[in-house]
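Biologist: I am new to this structure and would like to learn how to read its features one at a time. Could we begin with charged side chains and how they pair?

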Amino acid sequence: MMSQTTRIAFGALAAVGVAGVLTPQPAQAQWQPSRPIEFIVPAGTGGGADQMARTIQGIVTKYNLTKTPMVVINKAGGAGGEGFLDVKASRNNPHKIIITLSNLFTTPLATGIPFNWKDLTPVAMLALDEFVLWVNAETPYKSVKDYVAAIKNAPPGQFKMGGTGSRQEDQIITVAIEKSTGVKFTYIPFRGGGEVAVQLVGNHVNSTVNNPIEAVAQWRGGKVRPLCVFDDAVLPYKETIVDNLSWASIPTCISQGLNLDYLMLRGIFMSPGATPEQVNYYVELFKKVRETPEWKKLMADGAFNQSFMVGDEYAKWVAKEEQRHRDLMKEAGFLAK
Amino acid sequence: MEEIANLMQGFATVLEPFNIGVMIIGILLGVIIGVLPGLGGANGVAILLPLTFSMSPTSAIIMLSCIYWGALFGGAITSVLFNIPGEPWSVATTFDGHPMAQNGRAGEALTAAFTSSFVGALFAVVMITLVAPLVARFALQFGAAEKFGVYFLAFCSFVGLSKEPPAKTVVAMMIGFALAAVGLDQMTGQLRLTFGSTELLAGFDFLIAVIGLFGIGEILLTMEEGLQFKGKSATINPRVVLQTWMELPRYWATSIRSCIIGCWMGITPAGATPASFMSYGIAKRMSPRGKNFGKGEIEGVVAPETAAHAAGTSALLPMLSLGVPGSPTAAVLLGGLLIWGLQPGPLLFVEQKEFVWGLIASMYLGNIVGLLIVLTCVPLLAAMLRIPFPVIAPIILVLCAIGAYTVHNNPFDVVMMMVFGVLGYVLKKCDYPLAPLVLALVLGDKAEEAFRQALLGSQGSLTVFWSNGLVGSIMLLGLIALFWPIIQNGMARLRPRPAV
């Protein structure tokens with residue numbers, strides 16, 4: 001099967017090559033990829049970004065949306081720094097795109113590696129990932145107020161917050177909760193969201209701020225309980241998940257007196273030096289991807305915020321978010337010295 | 001006996017002609033992936049994942065899990081023949097498998113490796129069939145302290161095993177720990193020991209180190225010794241499989257012990273690599289022929305292979321029932337499940353009966369088909385050792401380089417592989433054991449993480465490692481393993497000597 005794919009790839013390459021020689025190119029030809037597209041994931045296999053990238057790869061393959069194959073490559077080293085530096089070093093290579101998560105900002109800020117999102121060419125925001133405050137379903141805490149009161153009654157640091165990675169989004173949210181309520185957590189970093197969810201089910205940590213897709217299976221199994229969602233409005237997904245509850249029945253943290261909203265970028269960038277035609281090719285490609293039922297299902301399963309942005313609007317949003325991360329991380333003392 | 005009825009239904013699904021075809025293709029691809037060093041099961045499954053999107057979820061998971069079985073089988077081949085572990089969990093197989101090949105017993109070593117793999121997998125599948133829900137609850141008991149206990153046990157059962165002086169073992173292990181510490185510190189999110197170099201950002205990948213230390217190091221050694229494989233080349237004997245099978249039942253105790261270690265490591269989830277090391281170490285301690293380990297003892301192949309395959313198989317259980325992958329390959333499969341619209345977790349066994357039991361049935365059949373396929377290849381594989389060294393060495397070198405490159409698609413890794421090759425050669429010439437280095441490199445950062453997570457949770461108190469019965473007994477087992485030679489000595493002295 002592998003050889004078949006390769007053959008198709010070579011066939012496609014040959015076809016593009018022949019077409020390039022035989023047909024005179026019109027002056028303003030629409031750009032098309034002529035080699036396999038490398039889709040870099042700056043995170044490990046099996047995580048949220050990886051799942052999204054591989055779903056996109058599957059959609060692109062199934063509906064024949066690109067002339068050349070799309071290949072997903074994980075470059076997770078150094079909290080994703082490896083992937084970002086790889087794309088940064090691929091100037092004028094239009095066959096390389098990267099999916100980002102919050103480590104687009106947090107990794108360079110926390111480690112001081114020579115990288116900034118401005119080194120890349122922004123393509124499109126695909127979606128925003130939500131964060132939810134979860135506790136174990138066996139605990140008596142039914143609301144944020146119960147939970148905060150319990151933490152305040154215990155000695156500082158008694159309550160453990162589990163999260164993915166260190167000085168990344170989960171810890172930033174934890175510090176922001178501490179700032180907003182005056183409680184003190186002991187933050188324990190783990191490698192992946194699934195592991196964090198299981199630590200909560202096993203009562204090894206007291207709460208988590210897992211993304212919906214990381215914890216939904218445990219919620220359906222009656223093992224964990226959502227307290228609030230870190231968005232400024234309740235989620236629109238009304239399909240029942242467990243006991244007449246849906247994503248839409250989770251209150252916002254702001255309404256519960258926890259004055260904080262945080263969303264994580266799931267967006268696409270490409271290598272530096274890309275022309276507007278090349279950017280436009282990928283924008284159109286992702287518009288087509290967003291129309292497929294597979295994509296809509298992924299969005300509903302993970303209760304994603306389906307904002308879509310391109311061009312200047314997207315760049316401005318990223319710039320604003322970078323400043324916000326810089327402020328949050330500075331307050332928390334997470335910036336590299 | 002609802003499980004049995006469900007399982008029979010599962011067999012009916014798997015025995016559809018299309019699914020059987022998918023199964024055979026999967027095994028073959030998996031063996032190829034396992035043979036190529038670097039291109040591990042996780043990468044292989046990830047590359048082939050998109051091909052399965054057009055299939056039904058059951059066919060797709062059968063194909064992918066068969067690739068996984070194939071990779072588990074295939075990893076042993078190059079370990080035995082060329083001392084190059086195709087997969088991390090085959091490192092321990094090289095310790096005795098390769099000396100066997102050098103003594104002209106490659107066919108026996110391969111047969112033992114494949115058969116033990118099969119036994120390990122079968123044990124794990126039977127366990128999954130019968131006690132899945134119970135086992136899932138057991139896995140939940142494992143927090144950071146318990147995980148550290150498991151790694152501690154793995155290190156302790158391995159320390160003091162080598163014939164080299166203990167000081168050299170400690171030095172090798174410390175080099176391993178130092179190498180494992182390079183890159184991002186998971187606990188603080190900061191870089192350490194990278195000296196400002198962006199190339200070292202990702203740290204030293206275990207696979208690249210192993211390909212270099214073992215593969216390239218071995219080639220350098222052979223070159224020095226006059227461009228020939230040591231020992232006599234194997235004669236092609238089609239009956240070698242049957243002959244080895246006659247011998248294997250003698251090692252039943254090692255097999256059962258390794259099965260249990262493997263299942264435990266797969267579920268907790270620590271993974272197949274520590275399982276294979278731990279099982280080899282304990283087999284060496286317990287076996288009456290323990291002092292021959294490392295010179296080509298068939299039991300030294302049975303122990304790690306049984307444990308690795310049992311762990312690899314049972315690693316799928318926490319993935320299905322908890323949504324936590326027990327191995328990198330299981331992590332990719334988990335991604336696949338989500339893409340096919342299946343939600344792994346406590347309810348998967350209830351809501352997706354056909355899928356789950358189809359998968360379990362495919363584990364039984366996939367392993368049988370896999371065993372048949374690889375066993376028929378044994379004489380053929382053993383014959384590869386008859387190819388003259390000047391012909392095969394460049395091929396191995398190229399395969400190693402490709403393997404090192406595929407791990408991260410990074411040319412720098414090929415350079416690193418050569419550096420590790422020279423390091424492996426120098427260490428071998430100076431009689432430093434490589435195994436402790438490799439063990440420390442692969443488990444060092446995980447053990448460190450678990451240790452620091454546990455201490456964060458206990459606010460710095462070391463008593464957390466004795467805070468409950470589970471972690472306490474694991475730590476105690478570790479200490480017993482560590483001081484076993486002293487305990488053995490003491491017991492021998494206490495025993496009244498027979499009057500002369």
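Modeller: Exposure is a good place to start, where buried means under 20% relative accessible area, exposed means over 50%, and partly exposed lies in between (1.4 Å probe, protein chains only). Lys184(A), with a relative accessible area of 46%, is therefore partly exposed. This is a predicted model, in which local features need pLDDT of at least 70, side-chain atom pairs count only at pLDDT 80 or more, and totals for chains, interfaces and linings use all residues. Residues are numbered from 1 along each chain as its sequence is written, chains are lettered from A and ligands numbered from 1 in the order in which they are written, and side-chain values use heavy atoms, with hydrogens and water left out.

Biologist: With which residue does Lys184(A) form a salt bridge?

Modeller: A salt bridge is a side-chain nitrogen of Lys or Arg within 4 Å of a carboxyl oxygen of Asp or Glu. Lys184(A) forms one with Glu178(A), the closest N and O atoms being 3.7 Å apart, and Glu178(A) is buried, with a relative accessible area of 15%. Over all chains, the structure holds 23 salt bridges.

Biologist: How far apart in helix H11 of chain A are Arg324(A) and Glu321(A)?

Modeller: Helices (H or I, at least four residues) and strands (E, at least two) are DSSP runs, numbered from the N terminus. Arg324(A) and Glu321(A) are three residues apart in helix H11 (residues 311–332) of chain A, so about one helical turn separates them. Their side chains meet in a salt bridge at 3.9 Å, N to O; Arg324(A) counts as partly exposed at 26% relative accessibility, whereas Glu321(A) counts as buried at 7%.

Biologist: Which parts of chain B are linked by the pair Glu218(B) and Lys428(B)?

Modeller: The side chains of Glu218(B) and Lys428(B) meet in a salt bridge of 3.1 Å, N to O. This pair links distant parts of the chain, with Glu218(B) in helix H9 (residues 206–224) of chain B and Lys428(B) in helix H20 (residues 411–429) of chain B, 210 residues apart. Glu218(B) is buried at a relative accessible area of 12%, while Lys428(B) is partly exposed at 24%.

Biologist: How should I read a disulfide, and which cysteines does one join here?

Modeller: A disulfide is a pair of cysteine sulfur atoms within 2.5 Å. The structure holds one over all chains, and it joins Cys228(A) to Cys253(A), S to S 2.1 Å. Cys228(A) sits in strand S9 (residues 224–229) of chain A and Cys253(A) in the loop between S9 and strand S10 (264–270) of chain A, 25 residues apart. The torsion about their S-S bond is about 85°, so the disulfide is right-handed, and both Cys228(A) and Cys253(A) are buried.

Biologist: Why does Cys259(B) form no bond with Cys263(B)?

Modeller: The sulfur of Cys259(B) is 6.5 Å from the closest cysteine sulfur, in Cys263(B), which is too far for a bond. Cys259(B) counts as buried, at 3% relative accessibility. Likewise, the sulfur of Cys66(B) is 16 Å from the closest cysteine sulfur, in Cys377(B), too far for a bond, and Cys66(B) is buried, with a relative accessible area of 0%.
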